[in-house]
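The following exercises concern strand pairing and aromatic contacts. Please work through each task before reading its solution.

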Amino acid sequence: MAEHPPLLDTTQILSSDISLLSAPIVSADGTQQVILVQVNPGEAFTIRREDGQFQCITGPAQVPMMSPNGSVPPIYVPPGYAPQVIEDNGVRRVVVVPQAPEFHPGGHTVIHRSPHPPLPGFIPVPTMMPPPPRHMYSPVTGAGDMATQYMPQYPSSQVYGDVDAHSTHGRSNFRDERSSKTYERLQKKLKDRQGTQKDKMSSPPSSPQKSPSPINEHNGLSKGQNTSSIHTGSAKNKSGKGKVGSQVDIEIEEKDEETKAFETLLSNIVKPMASDIQARTVVLTWSPPSSFINGETEETIAVPEFYGYEILVSTTGKDGKYKSVYVGEETSVTLNDLKPATDYHAKVQAEYNSVKGTPSEAESFTTLSCEPDIPNPPRIANRTKNSLTLQWKAPSDNGSKIQSFILEWDEGKGNGEFCQCYMGSQKQFKITKLSPAMGCKFRLSAKNDYGLSGFSEEVLYYTSGCAPSMPASPVLTKAGVTWLSLQWSKPSGTPSDEGISYILEMEEETSGYGFKPKYNGEDLAYTVKNLRRSTKYKFKIIAYNSEGKSNPSEIVEFTTCPDKPGVPVKPSVKGKIHSHSFKITWDPPKDSGGAAINKYVVEMAEGSNGNKWDMIYSGTTREHLCDRLNPGCFYRLRVYCISDGGQSAVSESLLVQTPAVPPGPCLPPRLQGRPKAKEIQLRWVPPLVDGGSPISCYSLEMSPIEKDELREVYQGSEVECTVTNLLPGKMYSFRLRAANKMGFGPFSEKCDITTAPGPPDQCKPPQVTCRSATCAQVNWEIPLSNGADVTEYRLEWGGVEGSMQICYCGPGLSYELKGLSPATTYYCRVQALSAVGAGPFSEVVACVTPPSVPAIVTRLQEISDDDIESPNYSPSTCLAISWEKPCDHGSEILGYSIDFGDKQPLAVGKVTTSHVIDNLQPDTTYRIRIQALNSLGAGPFSHMIKLKTKPLPPDPPRLECVAFSHQNLKLKWGEGTPKTLSTDSIQYHLQMEDKNGRFVSLYRGPCHTYKVQRLNESTSYKFCIQACNEAGEGPLSQEYIFTTPKSVPAVLKAPKIEKINDHVCEITWECLQPMKGDPVIYSLQVMMGKDSEFKQIYKGPDSSFRYSSLQLNCEYRFRVCAIRQCQDPVGHQDLVGPYSTTVLFISQRTEPPASTNKDTVESTRTQRALSDEQCAAVILVLFAFFSILIAFIIQYFVIK
């Protein structure tokens, strides 16, 4: 090697946790071959020994390696170097040379550049170690420390720092950072669950979709080498795998969780197992994906019963390009048509419901060697008149070197019997002693250690002979305008394998230069180009070989075709253009194309932009009459000509417009919808012939059927109109014509249409005759019926002109109305109806009824007492009534007459509508009614009402005071019970005089007692009372004066007792202020022992008293009250207040050790006082407890 990579730094510390193979892998048949790895000077090769230690071997050296299956192991080299295999005497040497291209001597695949997983032949930095492939090779056990394993296993990582960042094509094979993170996250679960299987295998799985593929890994790491350089062998992997990986990543990101779960299940499939390996067949078996992953059962999805499988096979290494060879549901398949002695790598991929899992690990196997392939037929390298030199290429040796080739021939006999003419390792052979122009058949086979291959196809070769004989004349296969295609055949008697060349010579008839060669070659056909049209040419052919030329063939003559003629001149109009015809003419083309014009063709298209061309003429003359045309239309015409040379292009088009004419007759107008009584709607269509100009307007004429007086009722551009102002039930005749810019066309045929019957005409105003003030007679006449008989009449009547109501509907011609109001204006109108409809109403007629007596008085009612303001009104002797003024019926009301009994009616003036009837009897019922009077008489009486006068009001009762105190007085009156019902007929009104001397109301009601409160002590008050009933309020009673007494002192608090000694104690109590100037004294009482009465022991103004008659061990009870000493002018009076609470005191002997007597008495008093409070508290607590207990019992046992 001219250049050597630097030595490996053997001082690097290798990671102790690197997983290595413990035993070499040997093929099934036990055959092994020795391969020498040559280490040149300056190089280093690192291997692992059987004791697990690494040994670095420096060059020059040769390391023998054991190949388990006879194939060369993959060798990975540093950037810029390539491995090369040299075979010398059956020993293969692997040599690393700089930038050497791949070389495959002997048809063997020597260099395996699987881009991933890498297989290091040297020990790189531990953090960069790539994983090796599954097939490992062990070195030959020999002298020294060479008995070690060939390939260790390393963790998957990159070999060089920048090897994935740059490639030979300038783009990265790795996914971007986002895609890598997403992919790692989705595949994390699968990697964890496959950890157990990975530990049992000799190498980690190498799925091209699971991990980024390093571009290249090499068999050595050199110091100072540019670690970013990459071997050119990675280009195939970069273009083939990188794009597929990126596409898979994008698809993985878009899958949902369920699809990911299925992918995880489908990816849990083990690699297929190879069995019955033959030279061209192998049997692969596998198991379905297992749901038992990493010790757990996948329960997130339902495990399918059947799966689809796809077998992928690669012959370019584990990480090479795989192709599909089987798709189905079976778990076993036999692969056929394999290459012998070839390394195969097979993977299985599970699929279910269009979801594919990750392919399994690769199963590697090598097919057996066999006999060579059938070689290709030998080729002739040289020939002479008496010898043939043959060459051939070696076929595939199929794993065993070809030892010899066997060449057989038929000795030129042509009887199908072959004999061997050569056997040896050479790839060419010369056969001599042959005859000129002799034909011999040959076939070839190859032989190796496994047998003889089949023979190749038979080939026939001839030796050289004499010059060719005269060939036949060339034949014209096809002629063109500027070319002629000729064809000829070999001379008769010429061997089929003899190389004969031909010379084609041509002579132009008018050139005068004779024959000139146009072609010289071995082909049997040639096209002569660049000729002139419609010209005759002469041809002859000459054949020649290495022996000489033949005689020229007979001369033949061929003519080129004429060219198509040129474009004719644009046609023109000849003469006047008529509405339905015109004549055109044209000139011939300037270039006839070398042949006479056979005919001219005229085409015409309708419309100024029409593209539908129709042939209207074909002939030899150059003019044509175009007839049967439409007026006012555009026509385009063009001409082309036809000769023997073909058809010319069309000429420019001529645009001609025929003159327009008035339009043709229209179809009769037709009725649109149903005819109405006074109008008809007509519709028509444009005429079939518009005369070549658009229709601009239509004219419609009408005449009654009984009169022949036509008049135009419509002229315009619309195709419909409405004819109005017609008579119902009449027949009318219509005709129509159309016009364009040339004028009006003829009229259409007449169309007779009858109008529909109409409703009756308007009636004349009816005649109204008033027979009385409340009755009127209405009469009317029969109107025109308009084609339909009148069936009934409708009479509307009302007091307001705009709101009349139908009062009669029938066939009569009169109607009598009753119940009218006198002196009232009424309005009426009449309408006639027929089967067609209702006619219009007649004009409104007004009439006034004559006056009459007043109407009945309404709303006669009593006036309540509260609404009467008259001071002389007494409900006991008077009744007040009111009414509403009635209608006077056209005559003014003069007065009213009131009837209220046996007496004469009471006359009342016309001004008022209310009246008070007086001088009546108390408590008496009266029947009252009223009528109005005018100049025509008295109107009817109103309805009768019953009114009753009230009884006389009662006298006031006697008022007396039944109870009193210093702040209130209880008053009583009458003989009733204190609590009288509110329904009593008599009510009482109690009043009291205030400070201003006015009497104010205290009480109003039926009760007989009332308590006046919040009064002042020793104060006189004046009262009066009156009785009230439905007759009114009675007179007030006399004034009554009642006086409140003085108040007694308030209750004193319990006195306080203080013991002085064993026989003396001091009692104190609170002191009161004088009451309104009256002094206050106090009375102290005591009850001793078991006495039942209190005795007064003190009376005076003091607030304390010392009691000195105490007895030991005796109970005393004390109480005190206040006494008000009133100073009245009448005399002295004492007002005794209530006594205070009793205080218990027990006198006991004072003990010597104790404190003073005062303290003892206080302690005793306090103890006794607290004892009473404690008793009260205990009683309260017991009461609360029993209350809660009883409530609980009721709740639990009764309610529930």
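**Exercise 1.** Determine which residue of strand 70 stands opposite Lys 972, and place the two strands in their sheet.

*Solution.* Step 1. Lys 972 faces Thr 1009 of strand 70. The model is predicted: local features require pLDDT of at least 70, side-chain atom pairs count only at pLDDT 80 or more, and totals for chains, interfaces and linings use all residues. Residues are numbered from 1 along each chain as its sequence is written, and side-chain values use heavy atoms, with hydrogens and water left out.

Step 2. Strand 67, residues 969-973, pairs with strand 70 in the antiparallel sense over 4 bridges. Here strands (E, at least two residues) are DSSP runs numbered from the N terminus, and two strands pair if DSSP finds at least two bridges between them.

Step 3. The order 66-67-70 describes an open sheet of 3 strands with antiparallel pairing. Its edge strands, each pairing on one side only, are strand 66 (959-964) and strand 70 (1009-1012). On average, neighbouring strands of this sheet are turned by 25° against each other, direction ignored; the axes are lines fitted to C-alpha atoms, and angles run from 0 to 180 degrees between N-to-C directions.

**Exercise 2.** Identify the strands that pair with strand 24, including strand 21, and state how many residues of strand 24 are buried.

*Solution.* Step 1. Strand 21 (residues 404-409) and strand 24 run antiparallel and are joined by 6 bridges; Leu 407 has Leu 444 as its bridge partner in strand 24.

Step 2. Strand 26 (residues 459-462) pairs with strand 24 in the antiparallel sense over 4 bridges. Within strand 26, Leu 460 is the bridge partner of Lys 441.

Step 3. Strand 25 (residues 451-452) is joined to strand 24 by 2 bridges, again antiparallel, and Lys 447 stands opposite Leu 452. A hairpin through 2 residues connects strand 24 to strand 25.

Step 4. Of the 10 residues in strand 24 (439-448), 7 are buried, that is, under 20% relative accessible area with a 1.4 Å probe, protein chains only.

**Exercise 3.** Find the ring over which the charged end of Arg 1119 sits, and the ring over whose face Lys 540 lies.

*Solution.* Step 1. A charge sits over a ring if NZ of Lys or CZ of Arg is within 6 Å of the ring centre and within 35 degrees of the ring normal.

Step 2. For Arg 1119 the ring is that of Tyr 1139, with the charged end 4.1 Å from its centre.

Step 3. For Lys 540 the ring is that of Phe 515, at 4.7 Å from the ring centre.

Key
Buried < 20%, exposed > 50% of the residue type's maximum accessible area, 1.4 Å probe, protein only.
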